[in-house]
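Please look over the sequence and the model displayed here, and then follow the account below, which moves from a single loop position to the overall fold and from there to the interior.

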Amino acid sequence: MNLTQRKFKILVITLLILLIPLGFAIYQLFYASSLSVSGGISKSMAFAWSPMQQKIVNGTLWINVSWTWQTENFSMTVKINDDDFHYLDCLGFVFDTNHNGVIESLVDIGWGLFPYNQYWPLVTLNKLGDLTFPSVGRFQSDFHTCTFTNETGYEFKISSRTPFIDRPTLVHLCFRDMLSEISGDAVYIEFEVRP
Ligand SMILES: [Ca+2]
Ligand SMILES: [Ca+2]
């Protein structure tokens, strides 16, 4: 083996050594399951972001979404393994409210859900996919609860008669983890809720 071949071999081995952990580090995981329960269909999805994709937790960030579809009511539970509480941490949903199969910034609307069972109505998206909060403010919610423990993170439970979730609906989910009143990190995912 001449010097050029040896250098090429070393380069290939070095690249492989660098790329294999990088490949594992930027994984995006997704699991889905469904279960029949009395009065409706219960479905769940789990989403994961690697440490390189977010600064919300040191390890893997998990968001587990499950919902039960019933005739008159829509119930959803979202668990997020965030490791620090902040009263402005926010779970945001923007729904495809006009049902055209696309989440449109400043057209489709949703909610921002906060700890202490507070919510911000009429949340929309900006062009970057981040939440936009029109100046209405936070209100006490009668359709969700939020609990937090250091071990398991957040659990949001939502139960609502939502007129626009009367058929399969595309949802843009965002979790914003705040370190202060103005700085934090956020992750987004889009999926369809359906019976
Ligand atoms: Ca947090
Ligand atoms: Ca739309």
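**From an exposed loop to the core**

Ser-135 counts as exposed because it has 4 C-beta neighbours inside 10 Å, and the cut-off for that class is 12 or fewer. In this predicted model, Ser-135 lies in the loop that connects strand E8 (131-132) with strand E9 (139-140). Its C-alpha atom is separated by 9.8 Å from that of Val-123, a residue 12 positions away along the chain.

The protein as a whole contains one helix and 13 strands, and, when read along the sequence, it follows the pattern α-β-β-β-β-β-β-β-β-β-β-β-β-β. Of its 195 residues, 24% are buried. Among the contacts with a separation of 6 or more, 47% are made by residues 24 or more positions apart.

Strand E4 (residues 74-80) is a useful place from which to trace the pairing. On one side, E4 pairs with strand E3 (residues 61-69) in the antiparallel sense over seven bridges, and within this pairing Asn-64 has Lys-79 of E4 as its bridge partner. E4 is also joined by seven bridges to strand E11 (residues 153-160), again in an antiparallel arrangement, with Val-78 standing opposite Phe-156 of E11.

The two faces of E4 can be told apart by their residues. In a regular strand the side chains alternate between the two faces of the sheet. The covered face of E4 carries Phe-74, Met-76, Val-78 and Ile-80, whereas Ser-75, Thr-77 and Lys-79 belong to the uncovered one. Lys-79, the bridge partner of Asn-64, is thus listed on the uncovered face, while Val-78, which stands opposite Phe-156, is listed on the covered face.

Which residues have the most contacts inside the largest nonpolar core? They are Ile-63, Val-78, Leu-113 and Phe-156, in a core of 34 residues. The elements that give two or more residues to this core are strand E2 (40-49), E3, E4, strand E5 (90-95), strand E6 (110-114), strand E7 (118-125), E11 and strand E12 (169-178). In soluble globular proteins, nonpolar side chains tend to be buried together. Leaving aside residues up to four places away in sequence, Phe-156 touches Val-78, Leu-91, Leu-113, His-144 and Cys-146.

E12, one of the elements that contribute to the core, also leads on to strand E13 (residues 184-193), with which it forms a hairpin that has five residues between the two strands. E12 and E13 pair in the antiparallel sense over 10 bridges, and in this pairing Asp-177 stands opposite Asp-185 of E13.

Terms used. Residues are numbered from 1 along each chain as its sequence is written. Chains are lettered from A and ligands numbered from 1 in the order in which they are written. This is a predicted model: local features need pLDDT of at least 70, side-chain atom pairs count only at pLDDT 80 or more; totals for chains, interfaces and linings use all residues. A residue is buried if 20 or more other C-beta atoms lie within 10 Å of its own, exposed if 12 or fewer, and partly exposed in between; C-beta atoms are placed from the backbone. Helices (H or I, at least four residues) and strands (E, at least two) are DSSP runs, numbered from the N terminus. Two strands pair if DSSP finds at least two bridges between them. A nonpolar core is a set of buried Ala, Val, Leu, Ile, Met, Phe, Trp, Tyr and Cys residues joined through C-beta atoms within 7 Å. Two residues are in contact if their C-beta atoms, placed from the backbone, lie within 7 Å.
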